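Here is a short report on a protein model with more than one chain. Look at the sequence and the structure before reading on.

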Amino acid sequence: MNSLLKYLYHGSRLLLGGLFLFAGFIKAQDVVAFAGNIAAYQLLPYQFNYLLAACLPYIEIIAGVLLLTGRRVRPAALLCGLLTLVFIGALLSAWMRGLDISCGCFSPEAKTSIGEALLRDLGLLILAHFSFHLRNRFTTPRASR
Amino acid sequence: MHDYSNLRRVLLEVLVIVALGVVMGLSANLKLVFQVLQGSPPTTHSSDATAPAGDNTPRPIDLASLRRSIENSSLLLIDARISELYAAGHLPGAVSLPLDEIESRLPAFRQRIPGDRPLAIYCNGYGCPDSFDLAVKLLAAGYQDVQVYEGGFPEWRDAGLPVVTEKAP
């Protein structure tokens, strides 16, 4: 049982870290396009879309690297969980306001599925949960941060 | 199994990670941050492969400035979406010029609209690159004052502003 939990912990930590590192890296490549994606949610004043787009990818990269390297796993996992909650909130608010998050340039019916995005975020939350709560079981107290 | 020990320390470390990310993000994008603080950010599609280098990039215009320009100048609104969407609802006074029909319609458009007429182009909001692509083509066709209204039809409609619908023929 204990070794099963150990695999669960390391699997969650590595998968979560990899996903955040990857997502952050992709978005850091094209900050201006990411700003456009954020602006589509109509949650922030115009300039803040750009500032958030500039910073968020690097926050994700740092959290991802910490999770992958096994240092400061609990704060990194907590941060990933909190960010995911923010994403879920933004998605739900866009959905409730009936916003056109997708393009609709050529076919008015083309929509990205909000349900799909919510399911993905739920998965991230579960990974963050295991990474956070199982951390101290498999590390010596001295390094248990 | 639920371990909340050292929570205060963990939260502090979360803040440190966020602060580090902000510092890294701002310094990695210094040029963009300055542009934004000076109130002239690039359009959100300017990094597309279609974007030409140099000054030939259309400027963005936000909803408030767009409404001022409509009242105070001869600004011409151009709808870059397909004609079905234009017919279903468009901004008052907007002219339909779908991006995928630009080649066939540009000659007639140039005869009607002089090159010094200020233009503002929109499509279906921030996720839609068509208005930017059309603006690039119109700049290349010799129009001097071309802006992109990135909020587009959704932002205009959601702000409760009037929308014109074409009657079915």
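The text below takes up one chain, then an interface, then a single residue.

**Chain A**

The model is predicted. Chain A has five helices and zero strands. From the N terminus on, its elements read α-α-α-α-α. The chain holds 145 residues, and 48% of them count as buried. Take the contacts in chain A between residues at least 6 apart in sequence: 73% of these join residues at least 24 apart. The exposed area of chain A is about 7,300 Å². Carbon and sulfur atoms supply 69% of that area.

**Where chain B touches chain A**

The size of an interface is often given as the accessible area lost when the parts come together. For chain B and chain A, the buried area is about 3,900 Å². Carbon and sulfur atoms carry 68% of it. On the residue level, 46 residues of chain B are in contact with 41 residues of chain A.

How many salt bridges link chain B and chain A? The count is one. The partners are A:R72 and B:E13, whose side chains meet at 3.3 Å, N to O. Across this interface, one residue pair is in polar contact, with both residues at pLDDT 80 or more.

Three helices of chain B each supply at least two residues of the side that touches chain A:

| Helix of chain B | Residue range |
|---|---|
| Helix 1 | 7-28 |
| Helix 2 | 30-37 |
| Helix 7 | 152-158 |

Which helix of chain B gives the most to this side? Helix 1 does, with 15 residues. By class, the side of chain B that touches chain A has 25 nonpolar residues. Another 12 are polar, and nine are charged.

**A closer look at A:R72**

The salt-bridge residue A:R72 has its place in the loop between helix 3 and helix 4 of chain A. Helix 3 spans 46-69, and helix 4 spans 73-96.

Most residues other than glycine have a negative phi. A:R72 has a positive phi of about 50 degrees, although it is not a glycine.

Is A:R72 buried, partly exposed or exposed? Its relative accessible area is 34%. Buried means under 20%, and exposed means over 50%. A:R72 therefore counts as partly exposed, since its 34% lies in between.

In short, A:R72 sits in a loop of chain A, has a positive phi and forms a salt bridge with B:E13.

Conventions: Residues numbered from 1 in each chain as written. Chains lettered and ligands numbered in written order. Predicted model: local features only at pLDDT ≥ 70, side-chain atom pairs only at ≥ 80, totals over all residues. Heavy atoms only, no water. Helix = DSSP H or I, 4+ residues; strand = E, 2+ residues; numbered from the N terminus. Buried < 20%, exposed > 50% of the residue type's maximum accessible area, 1.4 Å probe, protein only. Contact = heavy atoms within 4.5 Å. Areas by Shrake-Rupley, 256 points an atom, 1.4 Å probe, with all protein chains shown as cover. Buried area = accessible area lost by both parts, 1.4 Å probe. Salt bridge = Lys/Arg side-chain N within 4 Å of Asp/Glu carboxyl O. Polar contact = N/O pair within 3.5 Å; in protein donor to acceptor, adjacent residues only side chain to side chain. Nonpolar A, V, L, I, M, F, W, Y, C, P; charged D, E, K, R; others polar.
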